[in-house]
Amino acid sequence: DFVDVDPFGTPVPYIQGAFGAAADGGVVSLTSTDTAVLCGVYPEVCRRRYSSLPLKNEFKHETALRILLNACRRIAGMNDIGIEPIAAHSTRHYLRVYARVRVGAAQADRSRRQEGFIASCEKCGERGSSSLPIVMCDGCGAGTLSAGPLWIGPLTDPRVVGAALNVSRRSNLGGGAKALDALLGLEYFPPFSYSVERISSALKVPGVSQSEVMRRLASNGYRVMKQPFEKTGFKTEATYGAVAEAVSAVSRDARLEKAPLHARPT
Ligand SMILES: [Zn+2]
């Protein structure tokens, strides 16, 4: 069975009822128009409502979805119910998550192990996730704030996303198909993304095209995909160092292409 919660503002007051009402194996979907709070505009309100610190950075919508899912996980867990996210999206002013309900203490414990923290260093751009708060950047040693606690596990069930995508295409549901298509392969990537603008500015090199950087990483053997929850950005399994190197290389090549022939190295 399927329970859909679509309130005005935060869905927090309805989480316990929704997960309690759904049968084992059923699905709960929740909409939140509390986007500004979950995206870090009002961090104190987010801590009060969701018991989680948001971070307002270039992947704030993904972080918001993960905070919302962890609120579901925590509240359902109080009644020995576990959750398994199926799909999520951030569209215009609202966020939406879909999760399967798994009844039982062992299932709730399994879900709890997907709780963690995400850090993104303001100084050098390094990022990471961990089951404990990250207080120091691995890249440069600077002190860092972690978003969380939040859901660091998978956001999608690839079988359901694939099947729903086929149905959307067959039924000519263009918007739905586009949103589902953007989620394909998400399970391979860490719970954060990179922004080419941020990295170029940290490296003090001229901005470059995101698709060029993605192509470069792919040709270096890394998986890459567009960040499905933000207007720009990309996800990759490459380390921050490898991403920064790709941005530098693309920037250098772009400068060389623009340079007059006699100034190019031979
Ligand atoms: Zn750093």
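## How the two domains meet

Across the domain boundary, 15 residues of domain 1 are in contact with six residues of domain 2. This is a predicted model, and the domain assignment of the protein chain places domain 1 at residues 2-157 and domain 2 at residues 196-255. The C-alpha centres of domain 1 and domain 2 lie 27 Å apart. Putting the two together buries about 910 Å², and carbon and sulfur atoms give 43% of that area.

For a sense of distance within the model, take M78 and N220: these residues are 142 places apart along the chain, and their C-alpha atoms are separated by 45 Å. M78 belongs to the loop between α4 and β3. Its relative accessible area is 57%, and because exposed means over 50%, M78 counts as exposed.

## The zinc site

Which residues hold the zinc ion? The protein donors are the SG atoms of C121, C124, C137 and C140, lying 2.3 Å from the metal. Along the sequence these donor residues follow the spacing C-x2-C-x12-C-x2-C. One pair among them, C124 and C140, links distant parts of the chain: C124 sits in the loop between β5 (115-120) and β6 (127-130), while C140 sits in the loop between β6 and β7 (146-151), 16 residues apart.

The angles among the four donor atoms run from 102 to 114°, and the site is tetrahedral. As a reference point, the ideal angle for four tetrahedral donors is 109.5 degrees. Is C140 buried, exposed or partly exposed? With 34% relative accessibility, C140 is partly exposed, because that category covers values between 20% and 50%.

## A hairpin and its neighbouring strand

Strands β3 (residues 81-91) and β4 (residues 94-103) pair in the antiparallel sense over ten bridges. Two of the facing pairs can be picked out here: H89 stands opposite R96 in β4, and I83 stands opposite V101 in β4. The strand β4 also has a partner in β2, with antiparallel pairing over six bridges. In β4, Y98 has S29 standing opposite.

How well covered are these strands? In β3, nine of the eleven residues are buried, leaving this strand mostly covered. Seven of the ten residues of β4 are buried, so β4 is largely enclosed by the rest of the structure. The hairpin made by β3 and β4 has two residues between the strands. One turn residue, R92, counts as exposed, with 69% relative accessibility.

## Backbone points to check

Most residues other than glycine have a negative phi, and most peptide bonds are trans. Against that background, three places in this model deserve a look. R92, in the loop between β3 and β4, has a positive phi near 45°. S51 also has a positive phi, near 50°. The residue S51 lies in the loop between α3 (43-50) and α4 (60-77), and its 39% relative accessibility makes S51 partly exposed.

The third place is a peptide bond: G148 and P149 are joined in the cis form, with omega about 5°. P149 itself is in strand β7.

## Two buried charged-type side chains to inspect

K235 is placed in strand β9 (residues 234-236). Why does K235 count as buried? Its relative accessibility is 1%, and buried means under 20%. Leaving out residues up to four places away in sequence, K235 touches E62, L186, F189, P190, P191, F192, S193, R223, V224, M225, Q227 and P228. One of these contacts, F189, is 46 residues away along the chain, yet the C-alpha atoms of K235 and F189 are separated by 6.5 Å.

D34 is found in the loop between β2 (27-32) and α2 (35-38). With a relative accessible area of 7%, D34 is buried too. Beyond residues up to four places away in sequence, D34 touches G9, T10, R49 and Y50.

Technical notes: Residues are numbered from 1 along each chain as its sequence is written. This is a predicted model: local features need pLDDT of at least 70, side-chain atom pairs count only at pLDDT 80 or more; totals for chains, interfaces and linings use all residues. Side-chain values use heavy atoms; hydrogens and water are left out. Buried means under 20% relative accessible area, exposed over 50%, partly exposed in between (1.4 Å probe, protein chains only). Helices (H or I, at least four residues) and strands (E, at least two) are DSSP runs, numbered from the N terminus. Two strands pair if DSSP finds at least two bridges between them. Donors are N, O and S atoms within 2.8 Å of the metal (3.2 Å for Na, K and Ca); water is not among the atoms, so sites may look incomplete. Four donors count as tetrahedral if all angles lie between 85 and 135 degrees; four count as square planar and six as octahedral if opposite donors are over 155 degrees apart and all others between 65 and 115; anything else is irregular. Domain bounds come from an automatic or database domain assignment. Contact means heavy atoms within 4.5 Å. Buried area is the accessible area (1.4 Å probe) that two parts lose on being put together, summed over both.
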